[in-house]
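Let's take a look at how aromatic rings and nonpolar side chains come together in a protein. Have the sequence and the 3D view open as you read.

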Amino acid sequence: MSDQRQAERRVVIVGAGMAGVQTAVALREQGWTGSVTLIGAEPHQPYDRPPLSKAVLLGTAEGSAFDVDFEALGIELHLGREVTGVRPGAHEIDTPSGPVPYDVLVVATGALPITLPGSEDVQGVHLLRTLDDAARLRPVLDRKHDIVVVGAGWIGAEFATAAREAGCAVTVVEAADRPLAGTMPAEVAAPMAAWYAESGAELLTGARVARIEPGTVVLADGRRLAAGAVVVGIGARPATAWLAGSGIALGPDGSVTADSRLRTSQPDVYAVGDCASFPSARYGERLLVHHWDNALQGPRAVAANIIGETPQDYDPVPYFWSEQFGRFVQYAGHHTGAATTVWRGDPVGAAWSVCWLSSEGRLVALLTVARPRDLAQGRRLIASGARLDPERAADPSVPLKSATL
């Protein structure tokens, strides 16, 4: 694309979270000379989300705004502005204050937390997704309320950790028979269940919530749990309702079904981050990755593909981390469809890892607890398609990179 033509083109990015901000920054870093407009629904300066369940919540950090000088980068910022629809034929998005034209549109609206049916208007029920959510929860922790957390996934465990650190009594209720039921196999999640009791939190599994009353969580078996506050962490779904009627194809999970270059089904429209799924050649299936690293890496591919000089397919090794109950947990890859599980170390101990191998013996995923070297080496081995010797890989004293075939 000629410099003059590029300079006349407008990129509009909807969503001012990590994926949107990083797309705007990546465009400038990669030499885009056209206009860049970033539109966010929240009124706050764009901010990072991981600190919300940790430092911001506990009051050890006042905020988590991105250290980005938007003005110096020539990025036009519109905050507190909801986008209500898009008309690809006209190359316009709709907002309450009027339409905004674009030459290239990037959908980066992230995901919205799933609410517990019937709990939306009950006082004392909280979600944890935004800066305002964290601000509402901080005084709850300060007052040391009895807290019931609904959902023993990653966010539930992180919030329970923060609440225990703040001195609150914490009960975590999980409808499944184990924590992390939606993301980890039973044998991997089982040792993690003990972490709750060690921290002084109570974990109730097989506990379905029937309803929430002010001050009380009522379970399906009739048990009543006193709750000064209730925090719901039962997952998130792509924030794509505003795309209805646009002709932009969505999957059954509500994600924008982007192609390998993160293009949508409509011309000049890209999608990135928590709201977009993409086809992974590495894993042979479409992935929807709701993690920070995906919102950091994807924008670089989007920017390259918008500029068009060195187009890139997007096929990352998914990665995320979680700090919970005094442990640093990391995961890389995608274990669905793996043929073999190899343990490194005793899961009752303080440090251990799990490796997943394909039928050909290739490392496809690993989870590490306090073994950062395993993660760093394993992530590179997944990317290179390395095969491992299961016996050597099972010896935690052997570096993973030395267990290759």
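## W321 and its ring partner

In this predicted model, W321 has a relative accessible area of 23%, so this residue counts as partly exposed, a class that lies between 20% and 50%. Y319, at 11%, falls under the 20% cut-off and is therefore buried.

How do the rings of Y319 and W321 pair? Their centres are 6.4 Å apart and their planes meet at 25°, so the pair is stacked. Y319 has another partner too: the charged end of R379 sits over its ring, 4.2 Å from the centre.

## Rings that join distant parts

In total, the structure holds eight aromatic pairs. One of them brings together W154 and F320, with ring centres 4.9 Å apart and planes at 70°, so this pair is edge-to-face. W154 belongs to helix α5 (residues 154-165) and F320 to strand β22 (residues 319-324), so the pair ties together parts that lie 166 residues apart in sequence.

Both W154 and F320 are buried. You can also find these two in a cluster, where ring pairs link W154, F320, Y331 and W356.

## The nonpolar cores

Now for the largest nonpolar core, which has 97 residues. Which residues have the most contacts inside it? They are I147, F159 and L367. Beyond its neighbours within four places in sequence, L367 is in contact with several residues, including W154, Y331 and W356.

Another core lies apart from this one, with 18 residues, among them V100, W242, V269 and A276.

Terms used: Residues numbered from 1 in each chain as written. Predicted model: local features only at pLDDT ≥ 70, side-chain atom pairs only at ≥ 80, totals over all residues. Heavy atoms only, no water. Core = buried A, V, L, I, M, F, W, Y, C linked by side-chain atoms within 4.5 Å. Buried < 20%, exposed > 50% of the residue type's maximum accessible area, 1.4 Å probe, protein only. Contact = heavy atoms within 4.5 Å. Phe/Tyr/Trp six-rings, centres within 6.5 Å; stacked < 30°, edge-to-face > 60°. Helix = DSSP H or I, 4+ residues; strand = E, 2+ residues; numbered from the N terminus. Lys NZ or Arg CZ within 6 Å of the ring centre and 35° of its normal.
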